[in-house]
Amino acid sequence: MRSAKLFQYQLPMDSGVILRDQRLVTREGWVVELCQDQQLAYGEIAPLPEFSVETAIEAGEQAQQLLSQWVAGEALDLDAAFPSVAFGISCAIAELAAELPVTGNYLVAPLCCGDPDDLVERFNQMPGDKVAKIKVGMYEAVRDGIVANMLLEAIPDMQLRLDANRQWTPLKAQQFAKYVKPEHRSGIAFLEEPCRLPSDSLAFAQQTGINIAWDETVRDAGFEVKAEPGVAAIIIKPTLIGSLARCITLIEQAHAVGLTAVISSSLESSLGLNQLARLAQWQTPNVIPGLDTMQLFQTQLMQSWPGCELPVISLSELDMVWHK
Ligand SMILES: O=C(O)CCC(=O)c1ccccc1C(=O)O
Ligand SMILES: [Mg+2]
């Protein structure tokens with residue numbers, strides 16, 4: 001016996017969350033509830049504005065169709081579904097089958113703004129390897145280079161991840177690199193997507209000795225996982241990629257060619273974020289995931305994120321918009 005429900009959520013964000021060009025005031029999404037033989041399981045569907053191709057409305061409509069098929073016992077074609085829908089439904093199905101192990105990797109790479117004292121403080125409270133992430137490409141490239149160099153000098157045993165989100169021209173990327181001393185470049189685990197064109201990013205990596213990682217490129221049509229000089233990692237944001245099976249295939253392909261796969265958030269609520277931490281522990285056990293995004297919210301959803309003291313909204317407080 002199967003039944004399914006879809007709930008809608010709207011969570012207030014911290015006032016400073018900017019996505020590309022717009023401020024994200026409220027995070028909107030859906031919670032899927034599957035019920036089979038009296039057992040309940042949950043998943044989160046949360047297309048990210050400006051990143052996802054689908055809107056929350058479109059995702060909700062498609063989720064209803066797929067959940068109807070699931071209730072009827074039909075096979076689901078999640079490869080043809082929107083990525084956020086495929087991810088949320090596949091997580092709920094995996095929960096029912098107890099396929100997603102319960103232990104999570106909650107050692108996130110702190111997203112930091114460039115203040116070394118702040119970072120030293122956070123590392124002191126954290127076990128494990130020191131890995132931090134900073135966003136670059138928003139201000140002057142030279143300033144980014146100086147900040148990165150200073151952090152690597154201040155915390156020599158740290159691995160720094162940088163993320164330019166394709167903001168630099170090849171010239172700006174060079175200006176950045178010029179300020180990072182050659183002896184510090186190995187402290188950069190990777191720089192995500194320095195340039196608009198992947199070919200420029202590759203050339204940058206090869207010219208500077210600074211490793212890069214693919215994030216946006218993983219979602220480009222025709223992307224294939226391959227080893228290339230200067231490429232260290234691929235970033236996997238499941239909400240933007242698709243089903244658990246699709247994510248796991250990408251992770252296995254990355255590992256087969258010697259690339260690191262990093263599970264990363266697309267600003268899911270604490271519900272989805274916990275599942276991502278579990279996926280990370282299961283499929284990329286020795287890699288610190290990019291999940292330091294709970295601090296961008298004002299509330300949590302259904303479950304709490306370890307160490308997070310924000311209030312938790314329960315399922316009974318959400319609107320159930322559909323059931324079958
Ligand atoms: O990857 C992380 O560490 C945090 C997540 C993150 O940076 C992110 C989250 C949502 C949308 C885009 C991005 C990004 O990689 O730029
Ligand atoms: Mg990125």
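Is Lys 135 buried, exposed or partly exposed, and what is its relative accessible area? This and the exercises below concern a predicted model.

**Exercise 1. Place Lys 135 in the structure and classify its exposure.**

Step 1. Lys 135 belongs to strand β7, which covers residues 131–135.

Step 2. The relative accessible area of Lys 135 is 37%. Partly exposed residues fall between the limits of 20% and 50%, so Lys 135 is partly exposed.

Step 3. Once neighbours within four places in sequence are set aside, Lys 135 has contacts with Asp 163 and Asn 165.

Step 4. An unreviewed UniProt entry gives the annotation "active site" to Lys 135 and Lys 237. Lys 135 and Lys 237 from this set are part of the lining of the largest pocket.

**Exercise 2. Determine how the residues that UniProt lists under "binding site" are arranged in space.**

Step 1. The residues in question, taken from an unreviewed UniProt entry, are Asp 163, Glu 192 and Asp 215.

Step 2. These residues are spread over 53 residues of sequence, yet they cluster in space, with a largest C-alpha distance of 9.2 Å.

Step 3. Asp 163, Glu 192 and Asp 215 from this set are found in the lining of the largest pocket.

Step 4. Asp 163 can be followed further: it is located in strand β8, residues 159–163. Its relative accessibility is 1%, and because buried means under 20%, Asp 163 counts as buried.

Step 5. Beyond its neighbours within four places in sequence, Asp 163 is in contact with residues including Lys 135, Glu 192 and Asp 215. The contacts of Asp 163 also include Lys 133, Ile 134, Val 136 and Leu 191.

**Exercise 3. Describe the packing of helix α1 with helix α2.**

Step 1. Helix α1 spans residues 56–71 and helix α2 spans residues 83–96. Their axes are 9 Å apart and form an angle of about 35°.

Step 2. The crossing of α1 and α2 is right-handed.

Step 3. On the side of α1, the contact uses Ala 59, Gln 62, Ala 63, Leu 66, Leu 67 and Trp 70. On the side of α2, it uses Ser 84, Val 85, Ile 89, Ile 93 and Leu 96.

Step 4. Sorted by class, the contact of α1 with α2 has 9 nonpolar residues, 2 polar residues and no charged ones.

**Exercise 4. Describe the packing of helix α8 with helix α9, then locate Thr 284.**

Step 1. Helix α8 (residues 244–256) and helix α9 (residues 270–283) have axes that come within 11 Å and cross at roughly 35°. The crossing of α8 with α9 is right-handed.

Step 2. The residues that make this contact are Leu 244, Ile 248, Ile 251 and His 255 from α8, together with Leu 279, Trp 282 and Gln 283 from α9. They comprise 5 nonpolar, 2 polar and no charged residues.

Step 3. Thr 284 is situated in the loop between α9 and β13 (300–301). With a relative accessible area of 2%, Thr 284 is buried.

Step 4. When residues up to four places away in sequence are not counted, Thr 284 touches Ile 251, His 255, Ala 261, Ile 263 and Leu 279.

Step 5. Thr 284 and Thr 260 are separated by 24 residues in sequence, and their C-alpha atoms are 8.4 Å apart.

Methods: Residues numbered from 1 in each chain as written. Chains lettered and ligands numbered in written order. Predicted model: local features only at pLDDT ≥ 70, side-chain atom pairs only at ≥ 80, totals over all residues. Heavy atoms only, no water. Axes fitted to C-alpha atoms, helices over the stretch in contact; angles between N-to-C directions. Helix = DSSP H or I, 4+ residues; strand = E, 2+ residues; numbered from the N terminus. Left-handed = near helix turned anticlockwise from the far one by under 90°. Contact = heavy atoms within 4.5 Å. Nonpolar A, V, L, I, M, F, W, Y, C, P; charged D, E, K, R; others polar. UniProt positions renumbered as here; feature names shortened; annotations may be inferred. 1 Å grid on protein atoms, 1.4 Å probe; cavity = no way out; pocket = protein on both sides within 12 Å on 5 of 7 lines; lining within 4 Å. Buried < 20%, exposed > 50% of the residue type's maximum accessible area, 1.4 Å probe, protein only.
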